[in-house]
Amino acid sequence: MTPIKVGLLGLGTVGAGTFNVLRRNQEEIMRRAGRAIEITMIAVRNVERARALVGDACEVVGDPALVVNNPNIDIVVELIGGVDLTKALVLTAIANGKHVVTANKALVAIHGNEIFKAAQDKGVMVAFEAAVAGGIPIIKSLREGLSANRIEWIAGIINGTTNFILTEMRDKGLDFATVLKQAQELGYAESDPTFDIEGVDAAHKATIMAAIAFGIPMQFDKAHIEGISQLQAIDIAYAEQLGYRIKLLGITKRTAKGIELRVHPTLIPGTRLIANVEGAMNAVLVQGDAVGASMYYGKGAGAEPTASSVIADLVDVTRLATADPEHRVPYLAFQPNAINQEVILPMSEITTSYYLRIRVADQAGVLADVTRIMADLSISIDAMLQKEPAEGEVQTDIIMLTHQTQEKNVLEAIRNIEQLSSVFGPVVKIRLEQLS
Ligand code: HSE
């Protein structure tokens, strides 16, 4: 069979990784795909640099429109990033009848519904394994491996930058700003780390997983997003003393009232396997009604781990390129006419447990006042920690872990607690998940 022709948009870290792995493993990949996969055209900003990297193996151009409009290209691989230009390019590629492979989580989470609709109308594939958790085949697992299950919830460490920072904060007792600076110096964090540290990157990925786990449209605008920039080292230490670790989790859960979709720092029991996922590694824990819990672990970023997912998509698309579109795996795992418009719950309606740190005067009756407020809102306390005040101090921290309750109850309790004259400063609230 003739080789399938690929046009690459972007030759940065992942693009170069894809080019190299495809070249290195071409024989093995061809044995799997049934025909050769050839990159014939690459669009990049710096044409000279790209030519030096790829040699004469393929045509290098500066204008991505030349790739998406090239009639000889079968698959466009989008590795540019960003959402505006890429959306236009991807839609043009689809309109021209090309299949698309992308690693762009923001594009899929924000414009996925429109892109999939266009692709379905045109009968082409859009594959996005590399958009979630880099080299971990989590999309394939959710879409195909777990298709017997009613998925109940997913909790993932899906951002390596923040997991690296949290690991360092815990191991070395350092504060967030110090570790972020070190992470930037080591190349673990971008010079503008906002998307990573504020949870946006993880929310893109959680949005995609929610869509394919529950058969709902992409609803990134409804995701609750909280990052780690406000997290204090003292809370990591207190959590540790209570047997918990703090991780930035992307969580999506099916409940009787609707779907929870949230990213925030979360206490999880230190004994859980996922609590021990350290450094820049990623892991996704999926609870299905038939399989129970299953966990997927690996590198969430990097040239070749991400290329591994991009090329797996290329192999899938190559195998199915000549198949009847009806016989392909649906974009969102569920048939397009079976996608449900389920509600994403507002945060006030979610149910979980909480870690609360309350700075109080060390005097009689304070604890009684606090627990009365909690009891009035039916919030049950699961564990508590109070230290002696430090030498010469008259204030101390009370740490409470609650049983499951609604977020709106906790917010009201916090408002009331903060009004007590014996309570100083804002109450620190971090959500807690048992993941059992
Ligand atoms: N910036 C991401 C991370 C990798 O830190 O995990 C790409 O999504």
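**Ligand site and the D235 contact**

In the predicted model, a polar side-chain atom of D196 is placed 2.9 Å from a nitrogen atom of the ligand. Two further side chains approach ligand oxygen: for K205, the distance from a polar side-chain atom to an oxygen atom of the ligand is 2.8 Å, and for N159 the corresponding distance is 3.4 Å. On its own, the ligand has 260 Å² of accessible area, of which the protein covers 82%.

The ligand is located in the largest pocket. Two elements each give two or more residues to the surrounding shell, namely α8, which spans residues 160–172, and α11, which spans residues 200–214. The residues around the ligand are K105, N159, G160, T161, D196, D201, K205 and A301. Sorted by class, this shell consists of four charged, three polar and one nonpolar residue. D196 and K205 thus appear both in the list of residues around the ligand and among the side chains with polar atoms at the distances given above, 2.9 Å for D196 and 2.8 Å for K205.

A separate polar contact was examined at D235. This residue belongs to helix α12, which covers residues 233–241. D235 is classed as buried because its relative accessibility is 1%, and the cut-off for that class is under 20%. The side chain of D235 forms a polar contact with the side chain of R357, at a distance of 2.6 Å.

Conventions
Residues numbered from 1 in each chain as written. Predicted model: local features only at pLDDT ≥ 70, side-chain atom pairs only at ≥ 80, totals over all residues. Heavy atoms only, no water. Near = heavy atom within 4 Å. Polar contact = N/O pair within 3.5 Å; in protein donor to acceptor, adjacent residues only side chain to side chain. Areas by Shrake-Rupley, 256 points an atom, 1.4 Å probe, with all protein chains shown as cover. 1 Å grid on protein atoms, 1.4 Å probe; cavity = no way out; pocket = protein on both sides within 12 Å on 5 of 7 lines; lining within 4 Å. Sits in = over half its atoms within 2 Å of the grid points. Helix = DSSP H or I, 4+ residues; strand = E, 2+ residues; numbered from the N terminus. Nonpolar A, V, L, I, M, F, W, Y, C, P; charged D, E, K, R; others polar. Buried < 20%, exposed > 50% of the residue type's maximum accessible area, 1.4 Å probe, protein only.
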